[in-house]
Amino acid sequence: MTTEREKMTAGEPYQQFDKELIDRRVYIRQQVEEINHITDNNNRNNRFKDLLADTGDDFFVENNFKFDYGFNIHIGDHFYGNYDMTFLDTCPITIGSHCYFGPNIGLYTPVHPLDPTERNADFELGKPITIGNSAWLGGRVTILPGVTLGDNVVVGAGSVVTKSFGDNVVIAGNPARVIKTIPTKS
């Protein structure tokens, strides 16, 4: 039998008030609250790494990093996240290596049903977010469910990314659009 957690991670409709999911969210909120008050950078970052599915060796986040579950967050090597990041990880969030995130970044995988009957029945689902290698997200960037960004993508500050983009582009705006192609060196 498929658990609500398995359905959730797979992007299928699930009951968001399932006991296992509630227990995990409560546990994570308690841990995150405690960890975000640790001033020693190595201690804070090692504690965060213990709550995430996997990270590379060189992982650094500033204070006030928040997420729902942790078990759906996969981050490559050489990652820097500035202050006040929020990752809603109903579905997998996969971030490549050599990525840099500005302050106030929001990665949101949950999708709430448009049908009010389903929504009122507490059904939820999600779509994964994937960010390639060498991405740079400016401050206050929001990435919505189902978005995939290719390698070497730069997202301008304040952008809302509602659709996927390939490699080597600068995107910005609300909704984000390509404003420049990044030349590749041969």
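Buried means under 20% relative accessible area, exposed means over 50%, and partly exposed lies in between, with a 1.4 Å probe and protein chains only. The model is predicted, so local features need pLDDT of at least 70 and side-chain atom pairs count only at pLDDT 80 or more, while totals for chains, interfaces and linings use all residues. Residues are numbered from 1 along each chain as its sequence is written, and side-chain values use heavy atoms, with hydrogens and water left out.

Start at helix α1 (residues 4–10; helices are DSSP runs of H or I, at least four residues, and strands are runs of E, at least two, numbered from the N terminus), and select E4 and K7, which lie three residues apart, about one turn of the helix. Their side chains meet in a salt bridge at 2.7 Å, N to O, a term for a side-chain nitrogen of Lys or Arg within 4 Å of a carboxyl oxygen of Asp or Glu. E4 counts as buried at 15% relative accessibility, whereas K7 is partly exposed at 21%.

Move next to helix α2 and select K19 with D23, four residues apart, whose closest N and O atoms are 2.7 Å apart in another salt bridge; here K19 is exposed, at 59%, and D23 partly exposed, at 39%.

Then select E34 and R47, a salt bridge with closest N and O atoms 2.8 Å apart, which links helix α2 to helix α3 across 13 residues of the chain.

Finally, select L107, which touches residues including F87, I95, F101 and L137, not counting residues up to four places away in sequence, where contact means heavy atoms within 4.5 Å.
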